[in-house]
Amino acid sequence: MDNQRLIETRMQEHLQSISLLQVNKQISELLSRISTAIINCFQNGGKVYFCGNGGSAADAQHLAAEFSGRFYIDRQELPAEALHCNTSYLTAVANDYSYDAIYSRLMAGMGRKGDMLIGISTSGNSKNIINAFDVCKEKGIATIAFTGNGGTMGDIADYSLIVLSNDTPRIQEAHIMLGHIIVK
């Protein structure tokens with residue numbers, strides 16, 4: 001495939017994946033419910049935490065910054081944080097315990113009832129996020145899964161935004177769009 005044709009194909013794939021979300025009324029209803037839950041979390045003094053791996057970690061950091069920085073309007077900063085940003089912690093826990101424990105230990109130590117955790121994973125099967133969701137369930141912390149095709153995270157989260165695709169870049173593009181809608 002020549003370069004120009006590849007570019008056109010990728011753009012078309014992107015448009016198709018976004019179009020599938022746009023026509024899915026369940027997604028728009030779910031986005032509304034998630035937005036309301038996050039607003040309630042902030043109004044009640046809670047924090048919103050994000051986690052992911054690789055590109056999903058970058059997306060988690062991006063969306064956390066949208067809450068605590070300025071997005072569309074100049075507003076009060078909101079308490080949101082991406083859990084992977086402390087590399088000393090991350091490497092110590094991964095080395096001393098397991099990479100599967102990096103987020104669950106943070107949520108066990110920092111998370112409080114009424115907070116929320118948004119886990120982002122294209123597969124929906126990231127063990128470190130699943131473990132964190134388990135801790136959240138024990139502590140009364142609501143969980144939101146951003147996944148592709150669901151996986152285990154989609155099954156156990158309180159809210160599941162599932163992008164029906166196996167194409168990692170298209171899933172990640174949709175996750176950012178859905179996150180931007182939630183941040184408002």
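## A tour from the helix 8 salt bridges to helix 2

Begin by selecting E173, which counts as partly exposed because its relative accessibility is 28%. The model on display is a predicted one.

**The charged network.** Add R170 to the selection: E173 and R170 form a salt bridge whose closest N and O atoms are 2.9 Å apart. The two residues are three places apart in helix 8, so about one helical turn separates them. R170 itself counts as buried, with a relative accessibility of 8%.

Next, display D167, which forms a salt bridge with R170 at a closest N and O distance of 3.5 Å. D167 is partly exposed, its relative accessible area being 28%.

Then select E13, another salt-bridge partner of R170, with the closest N and O atoms 3.2 Å apart. Since R170 belongs to helix 8 and E13 to helix 1 (residues 3–22), this pair ties together parts that are 157 residues apart in sequence. E13 counts as partly exposed at 23% relative accessibility. To see the whole network of salt bridges, show R10, E13, D167, R170 and E173 together. The structure holds four salt bridges.

**A buried alanine in helix 8.** Move along to A174, which is also found in helix 8 (residues 168–183). A174 counts as buried, at 0% relative accessibility. Beyond residues up to four places away in sequence, A174 touches I18, L21 and V163.

**A buried glutamate in helix 3.** Select E66, located in helix 3 (residues 55–68). Which side chain of opposite charge is nearest to E66? It is R75, 6.8 Å away; E66 is buried yet has no salt bridge. As a salt bridge requires the nitrogen and oxygen to lie within 4 Å, this pair does not qualify. Display H62 as well, since a polar contact of 3.0 Å joins its side chain to that of E66. Leaving aside neighbours within four places in sequence, the contacts of E66 are F71, R75, H180 and V183.

**Helix 2, end to end.** Finally, select residues 25–43, the 19 residues of helix 2. From first C-alpha to last, helix 2 reaches 27 Å, close to the 27 Å expected at 1.5 Å a residue. Colour its buried residues: I27, L30, L31, I34, S35, A37, I38, C41 and F42. Viewed down the axis, these fall within an arc of 165 degrees, so they line one face of the helix. On the other side of helix 2, K25 and Q43 are exposed.

At the N-terminal end, N24 caps helix 2, with a side-chain oxygen 2.9 Å from the backbone nitrogen of Q26. Just after helix 2, G45 takes a positive phi of about 85 degrees.

Conventions: Residues numbered from 1 in each chain as written. Predicted model: local features only at pLDDT ≥ 70, side-chain atom pairs only at ≥ 80, totals over all residues. Heavy atoms only, no water. Helix = DSSP H or I, 4+ residues; strand = E, 2+ residues; numbered from the N terminus. Buried < 20%, exposed > 50% of the residue type's maximum accessible area, 1.4 Å probe, protein only. Lys, Arg positive; Asp, Glu negative; His and termini not counted. Polar contact = N/O pair within 3.5 Å; in protein donor to acceptor, adjacent residues only side chain to side chain. Contact = heavy atoms within 4.5 Å. Expected span 1.5 Å × (residues − 1). Arc of directions from axis to C-beta.
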